[in-house]
Amino acid sequence: MLFGRGKKKSINIADKKVVEWKYSTCGYCSTGCAIEVGINNEGKPVASRGVGGADVNRGKLCVKGIFEHELFESSGRGDNPLIREHIHEGYRETDWDSALEHMKDEILRIQKTWGRDSFAIVSTGQLLTEEFYTLGKLTRAVIGTNNYDGNTTLCMASAVSGYKRSFGSDGPPGSYEDFEHTDCLIAWGSNLAEQHPIIYWRLKEAQEKRKFPMIVVDPRTTMLAQNADIHLAITPGTDVVLMNAMMHVILDEGLEDRDYIEANTVGFEQVEQEVQKYDPATAAKICGIDEDTIRNVARIFAKADAAMQIWTMGINQSTHGSDGVVGINNLALSTGNIGKPGGTALSITGQCNAMGTREWSSCSGLPGYRLLEKPEDREEIAQFWGVDPEFFPKQRGLTETDIFPAIETGQIKGLWLVATNPMTSMANTSRIRRMLEKLEFLVVQDSYADVETTQYAHLYLPAATWAEKEGVFTNTERRVNIVRQATQPHGNSKSDLWIFTELAKHFEQGRKIRFPEKPAEVFEEMRELSKGRLVDISGMDHDLIEEKRGIQWPYTEAERQAGTEPVKGGKRLYTEERSFRYPDGRAKMIPLPFIDNNEVPDDEYPYWLNTGRVVEHFHTRTKTGKLGNNNKYSPIPYMEINPDAAADMGIRNGEYVRCVSRRGDAIVMAQLTQRVPHNMVFIPFHYHDCVNRLTLGLLDPHSRQPAFKQSAVRIELVEDQVEAAKLSMERREF
Ligand SMILES: Nc1nc2c(c(=O)[nH]1)N[C@H]1C(S)=C(S)[C@@H](COP(=O)(O)OP(=O)(O)OC[C@H]3O[C@@H](n4cnc5c(=O)[nH]c(N)nc54)[C@H](O)[C@@H]3O)O[C@H]1N2
Ligand SMILES: Nc1nc2c(c(=O)[nH]1)N[C@H]1C(S)=C(S)[C@@H](COP(=O)(O)OP(=O)(O)OC[C@H]3O[C@@H](n4cnc5c(=O)[nH]c(N)nc54)[C@H](O)[C@@H]3O)O[C@H]1N2
Ligand code: SF4
Ligand SMILES: [Mo]
């Protein structure tokens with residue numbers, strides 16, 4: 001039979017009757033894909049597609065992006081504000097004005113009784129930047145609590161802290177385009193293929209053209225590791241030891257870039273002295289990577305003309321998270337691999353707008369990477385907002401991971417959660433539950449009324465999400481891109497921006513300050529405040545951002561006026577000599593002594609518990625758990641376990657087991673796979689009442705980020721499989 005051209009059966013794609021495509025930016029991960037939402041003739045969003053001319057994704061989307069339009073009408077969305085006196089009562093619906101008046105009264109009551117900082121605010125990396133800026137203004141200039149932070153402490157805090165320590169400021173220096181120029185890539189604790197599929201696609205495209213070596217450091221054989229030239233299955237929590245050993249080899253063999261070090265850094269001698277202790281033979285015993293491989297990898301990295309490092313949660317979520325980032329920066333600085341094409345240390349961000357919150361939310365300071373600790377920064381912002389600079393605290397308050405324990409000790413009495421779900425995402429959730437139950441007043445502001453935290457709240461505020469509103473996100477490579485409103489907010493929910501500006505009006509102090517209501521007007525304020533800062537966006541506005549399909553910062557007003565086009569794909573920081581953000585322009589090289597302080601496997605709890613993500617789900621599944629196309633891949637909690645370890649215990653594939661730590665237990669289905677070594681299990685953190693019942697979450701001393709990836713567990717067989725299946729399915733299906 002002939003299969004002639006004309007004989008092929010064409011594939012019929014159902015016509016969704018799209019009459020208009022609205023420009024947007026994906027609201028899941030920090031890749032920052034430009035996306036268009038298709039609207040049908042009834043005005044309903046019915047399709048999503050990648051934007052061809054956008055530099056980031058060039059027409060592509062991953063399995064989350066292509067179904068993103070489905071989330072607007074997914075189940076569990078909030079319709080109206082809900083209120084109740086006690087958490088053991090049912091909620092009743094209320095109107096917005098009463099809800100916000102009550103919220104203001106409660107905030108003032110708590111602050112009057114217990115002090116200004118006894119009311120805490122924890123936000124997110126998933127609002128629009130204009131919303132972050134407005135929440136920051138409301139918090140710093142009106143409510144005045146210093147206990148204000150974001151869930152980014154669970155995510156990017158170590159990267160921020162490490163960048164600040166090394167370079168004098170936060171701000172990732174590289175771009176995706178660096179893949180196209182690099183001669184060596186090391187990926188530390190990043191499963192890019194699943195967690196940032198489109199960045200991974202950019203990497204693979206570049207690698208196929210130029211065949212540079214890819215080295216992956218990850219205790220688990222992830223999808224990225226499977227594609228690596230060299231996979232280093234490191235002992236959990238010991239990356240700093242490997243970094244020190246690599247530096248030892250580089251210096252021992254004279255592979256460092258002396259000219260660069262002398263011109264651009266301070267502290268080299270101290271690093272040189274410290275790494276003497278980390279000869280590869282000694283280091284191998286701690287980090288589990290053999291001596292020869294350490295030497296080999298150090299040479300490949302240091303001899304490459306341009307070498308690039310990326311990293312994600314395998315580094316940040318560790319008791320050595322901040323040190324790990326400094327270690328990466330040390331390696332980059334010692335070989336002159338910062339600020340040049342293909343030579344960079346690029347933190348891969350997490351949430352769609354984790355960068356926007358770092359830049360503009362005032363969580364750890366004041367807008368535009370300004371610091372509460374600096375009198376001139378306080379003065380400048382106070383003047384711009386028209387408030388008394390003395391109203392601002394003079395140093396940063398508690399981080400999210402310290403705010404929760406402060407509820408336990410009675411220091412914090414009221415809490416406002418904005419777009420974050422700590423009942424599933426924080427370590428040791430049974431402890432978190434007891435803390436939430438202790439609060440006098442808990443407000444949950446979320447797009448979903450069925451988010452677990454509403455069980456403990458007194459007030460629930462339904463928020464619009466993603467393309468139900470308008471504003472910008474900043475992605476991993478500092479690219480500001482825009483979300484345009486594609487549809488009306490669900491039910492009677494309101495944009496977070498509306499909620500913040502309305503709440504401001506309920507405070508006497510809030511009525512004295514200007515709170516612009518339109519996103520483009522808020523952006524104007526940010527533009528003004530960005531002038532002359534590292535994060536200079538003064539050349540941008542909403543329309544130009546859409547026209548260019550995203551613009552990387554810095555892009556200044558002067559550049560725009562001079563007719564300089566925004567760089568298409570590869571803007572870098574620290575390209576000039578001594579352009580780091582310390583007063584002398586030099587980066588700091590910092591010695592990194594290593595003390596192993598993790599909970600490690602022992603006789604009673606013999607397995608490492610590693611946690612993370614899978615491609616089809618996003619975080620606590622408030623969104624992807626309800627979208628059939630995403631949820632059907634892995635609707636129930638499961639645990640990866642090595643087949644040999646399973647055989648030792650008599651566990652068969654698909655059987656339910658109980659995983660137990662010193663904190664609690666969880667029922668999961670065993671999935672036998674060589675992805676994890678014999679002494680480790682891996683459980684995705686997407687499921688409620690599951691892995692974070694087990695995690696310890698020790699904190700990094702610099703960033704206060706929890707070590708979600710290092711705990712110890714044992715596995716128990718479960719007799720009654722039917723009961724276990726029921727337990728495991730509870731609350732899994734929506
Ligand atoms: N599909 C999907 N994509 C996402 C998200 C999502 O929920 N779903 N979330 C987004 C967010 S907010 C984030 S922060 C990113 C996270 O992106 P990633 O950090 O890439 O994802 P994780 O699975 O959390 O962890 C990455 C790897 O760290 C490894 N690891 C564990 N311990 C160590 C260690 O001691 N050393 C080293 N070197 N590695 C270790 C784990 O084995 C794991 O493979 O993903 C973003 N993208
Ligand atoms: N064991 C373990 N735990 C982890 C991690 C891990 O690797 N292992 N990773 C950590 C990391 S990196 C992260 S980033 C955190 C994530 O943890 P969380 O931020 O707590 O998780 P999300 O599910 O993203 O929660 C976001 C919430 O915001 C809501 N939402 C979405 N859009 C909007 C909006 O526009 N407005 C409002 N008001 N609400 C909205 C969602 O419905 C959801 O309830 O988890 C951390 N926890
Ligand atoms: S890679 Fe990230 S930004 Fe791109 S479509 Fe997927 S989830 Fe969205
Ligand atoms: Mo994250």
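Colleague: What is the strand order in the open sheet of 3 strands?

Modeller: The order is β1-β2-β3, and the pairing is antiparallel. Bear in mind that this is a predicted model.

Colleague: What makes β1 and β3 edge strands?

Modeller: Each of them pairs on one side only. β1 covers 18-25 and β3 covers 45-50. From one strand to the next, the twist averages 30°.

Colleague: Why do β1 and β2 count as paired?

Modeller: Two strands need at least two bridges between them to pair. β1 and β2 (residues 34-40) are joined by 7 bridges and run antiparallel. Therefore they qualify as a pair. To see where they face each other, look at T25, which stands opposite A34 in β2.

Colleague: Let us turn to the helix. How do you know that the span of α7 fits its number of residues?

Modeller: Helix α7 runs over residues 239-252, which is 14 residues. At 1.5 Å a residue, the expected span is 20 Å. The end C-alpha atoms lie 20 Å apart, so the two values agree.

Colleague: Why is α7 called largely enclosed by the rest of the structure?

Modeller: Buried means under 20% relative accessible area. In α7, 13 of the 14 residues are buried, so the helix is largely enclosed.

Colleague: What is the phi of G254, just after α7?

Modeller: G254 takes a positive phi of about 65°.

Colleague: What makes R58 stand out in its backbone?

Modeller: R58 is not a glycine, yet its phi is positive, at about 45°. Most residues other than glycine have a negative phi. R58 sits in the loop between β3 and β4 (82-83).

Colleague: Why is R58 called partly exposed?

Modeller: The class lies between the buried cut-off, under 20%, and the exposed cut-off, over 50%. R58 has 34% relative accessibility, so it counts as partly exposed.

Colleague: What about phi in D689?

Modeller: Phi of D689 is near 50°, a positive value in a residue other than glycine. D689 belongs to the loop between β25 (680-684) and β26 (711-717).

Colleague: Is D689 buried, exposed or partly exposed?

Modeller: With a relative accessible area of 32%, D689 is partly exposed. Buried would need under 20%, and exposed over 50%.

Colleague: What makes the peptide bond from W553 to P554 cis?

Modeller: Its omega is near 0°. Most peptide bonds are trans. P554 lies in the loop between β19 (551-552) and α23 (557-561).

Colleague: Now the ligands. Which residues are closest to ligand 1?

Modeller: Of the 34 residues surrounding ligand 1, the closest are D218, G237, D239, R613 and H617.

Colleague: Why does the D218 pair with ligand 1 count as a polar contact?

Modeller: A polar contact is a pair of N or O atoms within 3.5 Å. A polar side-chain atom of D218 lies 2.7 Å from an oxygen atom of ligand 1, so the pair meets the cut-off. H619 contributes a polar backbone atom 2.9 Å from an oxygen atom of the ligand. In the side chain of K709, an N or O atom is 2.9 Å from an oxygen atom of ligand 1. The protein covers 100% of the 910 Å² of accessible area that ligand 1 has on its own.

Colleague: Which residues come nearest to ligand 2?

Modeller: They are N151, N421, S425, D446 and T620, out of 35 residues around ligand 2.

Colleague: What polar atom of T465 lies 3.1 Å from a nitrogen atom of ligand 2?

Modeller: It is a polar side-chain atom. A464 instead places a backbone N or O atom 3.3 Å from an oxygen atom of ligand 2. A polar backbone atom of S447 is 3.5 Å from a nitrogen atom of the ligand. The protein covers 99% of the 920 Å² of accessible area that ligand 2 has on its own.

Colleague: Last, β23. What makes this strand mostly covered?

Modeller: β23 spans residues 656-660, and 4 of its 5 residues are buried.

Colleague: How do you know that β23 pairs with β24?

Modeller: The cut-off is at least two bridges. β23 and β24 (residues 665-672) share 5 bridges and run antiparallel. V660 has D665 in β24 as its bridge partner. The two strands form a hairpin, with 4 residues between them.

Colleague: How many bridges link β23 and β26?

Modeller: There are 4, in the antiparallel sense. C659 stands opposite I715 in β26.

How values were computed: Residues numbered from 1 in each chain as written. Chains lettered and ligands numbered in written order. Predicted model: local features only at pLDDT ≥ 70, side-chain atom pairs only at ≥ 80, totals over all residues. Heavy atoms only, no water. Axes fitted to C-alpha atoms, helices over the stretch in contact; angles between N-to-C directions. Expected span 1.5 Å × (residues − 1). Buried < 20%, exposed > 50% of the residue type's maximum accessible area, 1.4 Å probe, protein only. Near = heavy atom within 4 Å. Polar contact = N/O pair within 3.5 Å; in protein donor to acceptor, adjacent residues only side chain to side chain. Areas by Shrake-Rupley, 256 points an atom, 1.4 Å probe, with all protein chains shown as cover.
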